[in-house]
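Grab the viewer and work through these exercises with me. Each one sets a task, then takes the solution a step at a time.

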Amino acid sequence: MAVDLLFENARIVDGTGAPWFRGAVGVTDDVISHVIRGTDHGLDADERLDLDDAVVSPGFVDTHSHSDLELFSDPTLSPKLRQGVTTEILGQDGFSMAPMYREGGTEEWAKQLGALAGRSDREWTWGSTTDYLDAVEGDGVAINLAMLVGHGTVRFNVMGMADRAPDDGELAEMRELVVESLEEGAVGFSTGLIYTPCVYAGTEEVQALAAELAPYGRPFVAHVRSEGRWLWDALDEFVDIGAEEGIPLHLSHFKVGGRMQQGKTDRALGLVETARERGVDLTAEQYPYTAGSTMLSAILPPWVHADGPEGTLEHLRDEADRERIREEITGWEIEGWENIGALTGWDGVVIANVPSEENEAYEGMSVAEIAAERSTGPIDAACDLLVEEELGVSMILHQLAETDVRAILSSERVCVGSDGLFGGKPHPRVYGTFPRILEKYVREENLLTLEEAIRKMTSLPARAMGLGSKGVLREGMDADLVVLRPEVVESRATFEDPRRHPMGIDHVVVNGEFAVRDGETTGDLPGRAVTK
């Protein structure tokens, strides 16, 4: 029998966590057709590759991606692809690109998310989730992409950026939009409860929308209300929703943030185990760094965003409003609000990307350093920069402890997600998340076995997102494969020089086609929209 593609003389790590074995893997069309132990396979092939004892594994599944618009500018998504990522989950933190039906909403939504989702010159031609996924496939993309429907997106469609609870009619309309997107192939529902407009929602609203997942068995994915000062209340809210509605939960970028919570991972991990003992199907993801990254505008109190992007800029320009912002951030005056700047400290808030050349020199500088250079306070320095760049600024937050990162990564419930923002001088996780796990936490520190690390990148995230044909190297599964050399794999991306591709990842196959060959992107675009 002949197959299209045959990997011979391989160490097979199948994604389940089971020990590797030597053998061969055959691909026919877009499916894994053969997984054979040993060397006597008797197969003919149109193309054979002798891997010389390199590892072949399932393609990596990035459970937390912000490639929603970047994929139109760079359809190869080479920073992710060359890490071995073959499937990404979009629509994170409550921000999906669809559905979008609000009259005149496209421009405002794109501006609201510019620092998170990136910017694209492509005309925004879609309205529904189907339209968006069709646009992705129509333009072509190298990586498979699945989408969560975003809480913020459906709220914006119905209520704009209003800082209030919805009335019964508005809540019903939001629920209908969630169901519409699930029917059209969204693989779950996400929220980001530190971001506007999600932050304006009470528990009752969040739970009512998440409840629509129950008939589908799809996950509720959340950036909870706090990862720092109010962490315990935030986790309780999340778990209670899962318990009461009987829906799967997935916790975004699991962490204990800020000095006040560092060292408390045992308590946090205990909550995860307690939730599962209550019957809540709870999983989580983590990026393997002590720094996070998001929009700089997230430092602002929630009321500053309530009138949309233009209203935010007006508040920042108004001296009385600016004084109120300074007082509320400095004094922690808003109960329950994730006060990121105060939590992290301004020396730990580093600018990652600005749109203009005029301020490009600030990329890689902390807000404290910018403030000193401008002879002003750090809050004013950040606010001025947001005005000058019309909110399009992203930041890196140095707020975690390495001991906590290691403890969370060790949990069998936790998979790997990059959560990387493109552009400028980005967080190194954009280019380095997955190889860093293999280099640092497998080869150098022996925190994880190779098999367990690959499980965290393959079958565990695929299971958490309900992707039944991905994540395991088994006959009949999708032919998404990675060939890597664990003895040399290296994440070369650093905070000082973040835009460097890794070493030791030789080939990446997506749906049976080479997207990376001999360490270089092929330019082919075999990716698809994944809708179940």
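**Exercise 1. Sort the residues lining the second largest cavity by class, then place that cavity in this predicted model.**

Step 1. Start with the classes: the lining of the second largest cavity splits into 10 nonpolar residues, 4 polar ones and no charged ones.

Step 2. Now the volume, which comes to about 80 Å³ for this second largest cavity. Its lining is made up of 14 residues, and those closest to the centre are Ile194, Tyr195, Thr196, Ala298 and His305.

Step 3. Look again at Thr196, because there's something else to find in the backbone there: the peptide bond from Thr196 to Pro197 is cis, with omega near 5 degrees. Pro197 itself sits in the loop between β9 (188–192) and α8 (203–210).

**Exercise 2. Find the largest cavity and say which elements line it.**

Step 1. Count first: the model has 8 cavities of 30 Å³ or more. The largest cavity holds about 190 Å³ of space.

Step 2. Go to the centre. Of the 20 lining residues, His223, Glu227, Lys255, Thr294 and Leu397 lie nearest to it.

Step 3. Two elements, β13 (291–295) and α13 (340–344), each give two or more residues to this lining. The largest share comes from β13, with 3 residues.

Step 4. Sort by class, and the lining of the largest cavity gives 7 nonpolar, 7 polar and 6 charged residues. Set that beside the second largest cavity, whose lining has no charged residues.

**Exercise 3. Describe the largest pocket: its volume, its centre and its lining.**

Step 1. The volume of the largest pocket is about 330 Å³. It is lined by 23 residues, and Glu70, Gly118, Asn353, Phe422 and Gly423 are the closest to its centre.

Step 2. Which elements put two or more residues into the lining? They are α2 (78–81) and α4 (114–117), and α4 gives the most, with 4 residues.

Step 3. The class count for the pocket lining is 10 nonpolar, 9 polar and 4 charged.

**Exercise 4. Trace the open sheet from edge to edge.**

Step 1. Follow the 8 strands in the order β6-β7-β8-β9-β10-β11-β12-β16, with parallel pairing.

Step 2. Check the edges: β6 (60–62) and β16 (414–416) each pair on one side only.

Step 3. From one strand to the next, the twist averages 30 degrees.

Step 4. Zoom in on one edge. β6 pairs with β7 (residues 85–90) over 3 bridges, in the parallel sense, and Phe60 has Val85 of β7 as its bridge partner.

Step 5. Carry on past β7 towards α3 (105–112), and the loop between them contains Pro99. The bond from Ala98 to Pro99 is cis, with omega near 0 degrees.

**Exercise 5. Work out how β2 is paired, and whether β2 is largely enclosed or not.**

Step 1. On one side, β1 (residues 2–12) and β2 run antiparallel and share 6 bridges. Arg11 stands opposite Arg22 in β2.

Step 2. β2 is also joined to β3 (residues 31–37) by 6 bridges, again antiparallel. Gly23 has Arg37 of β3 as its bridge partner.

Step 3. β2 and β3 make a hairpin with 2 residues between them, and Asp29 in the turn has a positive phi of about 55 degrees.

Step 4. Now for burial: 6 of the 8 residues of β2 (residues 21–28) are buried, so the strand is largely enclosed by the rest of the structure.

**Exercise 6. Apart from the hairpin turn, where do Ser375 and Asn446 show positive phi, and are they buried or exposed?**

Step 1. Ser375 isn't a glycine, yet its phi is near 55 degrees. You'll find Ser375 in the loop between α14 (367–374) and α15 (378–388).

Step 2. Ser375 has a relative accessible area of 70%, so it counts as exposed, the cut-off being over 50%.

Step 3. Asn446 has a positive phi of about 55 degrees too, in the loop between α17 (429–444) and α18 (450–457). At 60% relative accessibility, Asn446 is exposed.

Methods. Residues are numbered from 1 along each chain as its sequence is written. This is a predicted model: local features need pLDDT of at least 70, side-chain atom pairs count only at pLDDT 80 or more; totals for chains, interfaces and linings use all residues. Side-chain values use heavy atoms; hydrogens and water are left out. On a 1 Å grid over the protein atoms alone, a cavity is a set of points where a 1.4 Å probe fits but cannot get out, and a pocket is an open set with protein on both sides within 12 Å along at least five of seven lines; lining residues have an atom within 4 Å of a point. Grid points are joined across faces, edges and corners, and a volume is the space filled by probe spheres set on the points. Ala, Val, Leu, Ile, Met, Phe, Trp, Tyr, Cys and Pro count as nonpolar, Asp, Glu, Lys and Arg as charged, and the others, Gly among them, as polar. Two strands pair if DSSP finds at least two bridges between them. Axes are lines fitted to C-alpha atoms, for helices over the stretch in contact, and angles run from 0 to 180 degrees between N-to-C directions. Buried means under 20% relative accessible area, exposed over 50%, partly exposed in between (1.4 Å probe, protein chains only).
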